[in-house]
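This report covers a two-chain model, beginning with the fold and moving on to the interface and the salt bridges.

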Protein chains: 2
Amino acid sequence: MCRGDDVNCPNFEAHFKAFREDINPGRRDFLRNGVLGAGGLAAVGAVGGLSLVTPALAQASAKNGPATPSDHYLPATSETVHWGYFSKTIKPQLEIDSGDIVTIETLTHHAGDDLERMVQGDEGAESVYLWTKDKKGVERRGAGSTDPNVYKIGSGDGKGVHIMTGPVYVRGAEPGDVLEVRILDCVPRPSANPDFAGKTFGSNAAAWWGFHYNDMINDDKREVITIYEVDATGQKNWAEAVYNFKWVPQTDPYGVTHTMIDYPGVPVDHSLTSRNFDVLKGIRVPIRPHFGTLGVAPAEADFVDSVPPSYTGGNIDNWRIGKGATMYYPVAVDGALMSVGDPHASQGDSELCGTAIECSLTGTFQLILHKKADLAGTSLEEMDHPMLETQTEWLVHGFSVPNYLATLGKDAQSEIYNKASIDDAMRDAFLKMRKFLMGTKGLTEDEAHSLMSVGVDFGITQVVDGNWGVHAIIKKEIFSGRA
Amino acid sequence: MCRGDDVNCPNFEAHFKAFREDINPGRRDFLRNGVLGAGGLAAVGAVGGLSLVTPALAQASAKNGPATPSDHYLPATSETVHWGYFSKTIKPQLEIDSGDIVTIETLTHHAGDDLERMVQGDEGAESVYLWTKDKKGVERRGAGSTDPNVYKIGSGDGKGVHIMTGPVYVRGAEPGDVLEVRILDCVPRPSANPDFAGKTFGSNAAAWWGFHYNDMINDDKREVITIYEVDATGQKNWAEAVYNFKWVPQTDPYGVTHTMIDYPGVPVDHSLTSRNFDVLKGIRVPIRPHFGTLGVAPAEADFVDSVPPSYTGGNIDNWRIGKGATMYYPVAVDGALMSVGDPHASQGDSELCGTAIECSLTGTFQLILHKKADLAGTSLEEMDHPMLETQTEWLVHGFSVPNYLATLGKDAQSEIYNKASIDDAMRDAFLKMRKFLMGTKGLTEDEAHSLMSVGVDFGITQVVDGNWGVHAIIKKEIFSGRA
């Protein structure tokens with residue numbers, strides 16, 4: 001059934017209206033928790049002012065948008081997505097005001113692993129995945145070359161893999177500002193194939209870029225894809241495996257053979273694979289719907305590989321970036337140019353084998369612009385990295401190389417893959433958390449060191465995206481005794 | 001008030017009896033959760049057999065102890081502790097049967113940072129911390145030399161720092177067996193100084209071995225100690241800082257000057273320090289009482305530095321090793337020789353600055369022996385590393401070098417400090433979790449890789465113990481759909 005997320009439904013308009021109303025409780029939760037309301041609503045901190053956005057900043061930022069926010073809907077089609085990169089040069093798909101609410105469809109870039117379950121009958125997904133001997137729905141996939149004389153396996157060369165919906169241009173956003181992105185909702189995209197009504201599917205690829213790959217037992221290197229089923233009705237809070245198969249060489253419609261998973265969206269021909277339906281029987285994976293890749297366009301290059309996360313966010317792959325969470329990004333280019341993709345039904349900290357349960361989702365976001373001039377003295381002042389706020393925690397994200405585009409020179413986008421290190425990401429997370437505690441919370445350096453040792457948890461976000469990640473979590477309740 | 005944990009209390013016997021009765025609910029919880037009961041009680045798996053100990057193994061292991069378990073009490077005194085090492089060569093302080101329940105006092109090795117709050121009036125702690133120009137309560141501190149012509153700063157040279165109570169000899173335990181250690185209770189040891197009635201104190205040292213030490217702002221290297229207060233009555237579930245001070249050279253009673261924190265138990269003379277009571281105001285650190293160091297004696301060397309964790313457990317520094325948790329250790333020597341120390345009131349994942357809130361605790365443990373011959377086909381078969389089971393999760397612990405004593409040769413105990421690497425610990429945790437999922441849960445290698453990526457969380461246990469640690473957590477509920 002259409003939940004206001006199927007533009008082909010004859011009753012889409014009515015369903016979408018109902019859907020918008022349905023998210024009001026979510027928005028009310030945000031208000032109740034002391035986060036800035038939409039547009040002109042300035043909220044006081046009901047939980048002791050424990051949002052990164054102070055009431056004063058909320059009031060100041062209210063002027064950046066109209067009094068009444070608008071709602072927008074951005075479907076995922078071959079026209080509204082860009083595949084495999086962030087770019088400051090591409091045309092925005094939507095232009096909005098600060099405070100506006102945007103529902104955005106996102107498609108997994110692993111739907112080619114089972115077109116029957118994840119694409120068939122879904123007009124948006126079909127337009128994106130269209131690939132015949134003459135035409136691709138989305139020609140370029142990756143930040144690599146688009147010159148047939150230069151690229152090796154296809155336009156963009158698969159240097160970057162995520163289907164990104166957007167970008168969204170936020171009026172008035174300029175470098176130095178901060179964009180607050182609240183995730184009001186995050187729901188699975190149901191299979192459009194009537195054979196699989198009420199179900200959603202996702203794909204997990206244990207691929208060559210996985211952490212496990214060089215440690216295969218008996219050195220029997222292989223790539224294995226597991227298809228998972230997710231309950232689209234929301235009654236089961238777990239995913240279950242349906243089948244798995246070993247990747248075998250696949251020849252794409254343009255005639256290029258892919259012996260490995262080296263280019264996104266290659267349609268898998270299952271007459272060539274051997275599907276094993278006796279897989280992970282009785283195993284229930286708790287679902288954690290979230291967006292693996294969400295962020296704004298970097299300034300340093302025209303086309304930026306979507307795989308390594310960076311100071312503008314992107315492919316952070318933290319499963320906590322789901323419903324109820326808020327991300328803060330430093331704006332690097334005019335309009336911010338936010339894009340979202342890489343939807344996941346679930347992922348563990350580390351994303352060990354290379355991917356999560358890659359599963360199309362539809363998200364509803366509220367975007368709020370905070371101008372540089374208003375940030376002085378707040379937690380967001382001179383913030384040069386993405387931050388995550390959940391209902392109960394703040395998180396900083398450390399990377400092997402924090403702003404690799406600026407640091408690693410002209411070959412940054414290939415060089416970053418040689419820099420993968422949890423040790424370095426740990427150091428970066430430590431430095432960012434210290435800065436946060438000293439800057440935002442007014443602690444001395446000595447206070448920050450002690451508190452980080454006794455009250456901050458460091459975890460491994462991912463070890464598969466070139467620029468590896470460590471996150472540091474601090475609970476808001478730690479500050480509940482302060483005036 | 002004595003809670004059955006103060007041997008000097010005139011009513012100690014009665015209090016201890018009441019205390020034992022008081023822990024019965026905890027023991028009942030364990031039974032209810034399907035873990036083997038004491039002695040002859042064989043439990044069925046009430047939560048779908050989701051303990052590592054199957055009902056069959058529970059029944060088999062019941063024969064290893066008497067039908068009725070005994071209770072024991074091991075106070076911490078200069079006679080019952082060994083300081084800074086594990087050793088297969090030292091005399092057991094207690095000899096027990098499988099299934100017996102042991103209450104063990106543990107003392108923090110940082111009590112010298114504030115003798116007034118953490119030692120004064122406490123007969124056990126005073127006996128351990130005794131140090132005059134003629135005598136030390138515990139002469140040897142560390143696995144280093146005891147020859148005055150060889151050691152540099154004191155007997156044992158501080159190569160290992162933790163005050164360990166024990167060892168406890170478990171009758172019938174032999175190499176190849178597994179020792180199950182259930183933590184039935186874990187309570188703070190109240191300050192014995194009447195000026196601080198109802199309070200417990202702990203120390204956090206941001207020390208030279210901390211992860212932060214080479215990243216001091218302006219390269220202003222210093223060691224800073226923060227004293228925390230913990231509510232010994234159990235009414236507040238948080239700790240608060242009392243004061244901090246910078247370490248200044250301290251001359252110990254034998255006349256050795258310690259310009260750095262290089263030897264445990266040096267009594268701090270606060271007439272030389274400058275105490276800052278305006279510290280971390282309003283910050284409430286959630287308490288997580290646990291034992292930083294708990295394990296059995298390794299076979300590879302006679303005296304083993306207590307700092308680097310190893311295959312026999314030891315200084316794992318995972319805050320989840322608290323009340324309600326169960327540890328499993330591979331037995332390496334006859335009698336297992338379990339010791340416990342390094343009590344913590346709280347710690348974050350990573351233990352960033354070098355220590356936790358180091359705070360004396362008293363623990364109550366039930367020790368159950370599983371014989372090698374009974375382990376075939378169970379989760380504990382050929383287990384060559386420590387495992388942690390909480391009420392809801394299983395955890396494996398990866399280290400930079402899993403069994404460094406065997407791997408690194410004759411200089412292993414110094415060499416390990418050059419091997420610190422989160423990347424290596426991550427790999428070890430991955431390999432151990434894969435083995436667990438394949439061996440225990442019967443998954444194929446491909447199933448294990450997929451499940452680890454979508455349903456297992458990898459976190460950074462500690463980056464300060466030479467042999468750095470990464471833990472992998474899998475929720476038991478993931479298996480709740482299995483027959």
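## Fold and interface

Chain A holds nine helices and 24 strands, where helices (H or I, at least four residues) and strands (E, at least two) are DSSP runs numbered from the N terminus. This is a predicted model, in which local features need pLDDT of at least 70, side-chain atom pairs count only at pLDDT 80 or more, and totals for chains, interfaces and linings use all residues. Residues are numbered from 1 along each chain as its sequence is written, chains are lettered from A and ligands numbered from 1 in the order in which they are written, and side-chain values use heavy atoms, with hydrogens and water left out.

Of the 483 residues of chain A, 63% are buried; buried means under 20% relative accessible area, exposed over 50%, and partly exposed in between (1.4 Å probe, protein chains only). Among contacts (heavy atoms within 4.5 Å) in chain A between residues at least 6 apart in sequence, 75% join residues at least 24 apart.

One buried position is A:Ser61, with 2% relative accessibility, in helix α3 (residues 55-62) of chain A. Leaving aside residues up to four places away in sequence, A:Ser61 touches A:Leu369 and A:His370.

Between the chains, 69 residues of chain A are in contact with 69 residues of chain B. The buried area there is about 5400 Å², of which carbon and sulfur atoms give 56%; buried area is the accessible area (1.4 Å probe) that two parts lose on being put together, summed over both.

Eight salt bridges are counted between chain A and chain B, a salt bridge being a side-chain nitrogen of Lys or Arg within 4 Å of a carboxyl oxygen of Asp or Glu. On the chain A side, β9 (224-231), β13 (285-286), α8 (422-439), α9 (445-455), β23 (456-462) and β24 (469-475) each supply at least two residues that touch chain B. The largest share, 10 residues, comes from α9(A). By type, the residues of this side divide into 32 nonpolar, 19 polar and 18 charged; Ala, Val, Leu, Ile, Met, Phe, Trp, Tyr, Cys and Pro count as nonpolar, Asp, Glu, Lys and Arg as charged, and the others, Gly among them, as polar.

## Salt bridges

Over all chains, the whole structure has 50 salt bridges. Four of them are listed here.

| Pair | Closest N to O distance |
|---|---|
| A:Asp457 and B:Arg288 | 2.8 Å |
| A:Arg222 and A:Asp220 | 3.3 Å |
| A:Lys410 and A:Asp411 | 3.4 Å |
| B:Lys63 and B:Asp374 | 2.6 Å |

The pair B:Lys63 and B:Asp374 links distant parts of chain B, 311 residues apart: B:Lys63 lies in the loop between α3 (55-62) and β1 (71-74), and B:Asp374 in the loop between β20 (361-370) and β21 (387-389). B:Lys63 is exposed at 56% relative accessible area, while B:Asp374 is partly exposed at 21%.

A:Arg222 is buried at 10% relative accessibility, and A:Asp220 is partly exposed at 39%. Both belong to a network of salt bridges with B:Arg434, B:Glu445 and B:Asp446.

## Helix α8 of chain B

B:Arg434 is one of the buried residues of α8(B), which also include B:Ile422, B:Phe430 and B:Leu437. The end C-alpha atoms of this helix (residues 422-439) are 25 Å apart, in agreement with the 26 Å that its 18 residues should span at 1.5 Å a residue, the expected span being 1.5 Å times one less than the number of residues.
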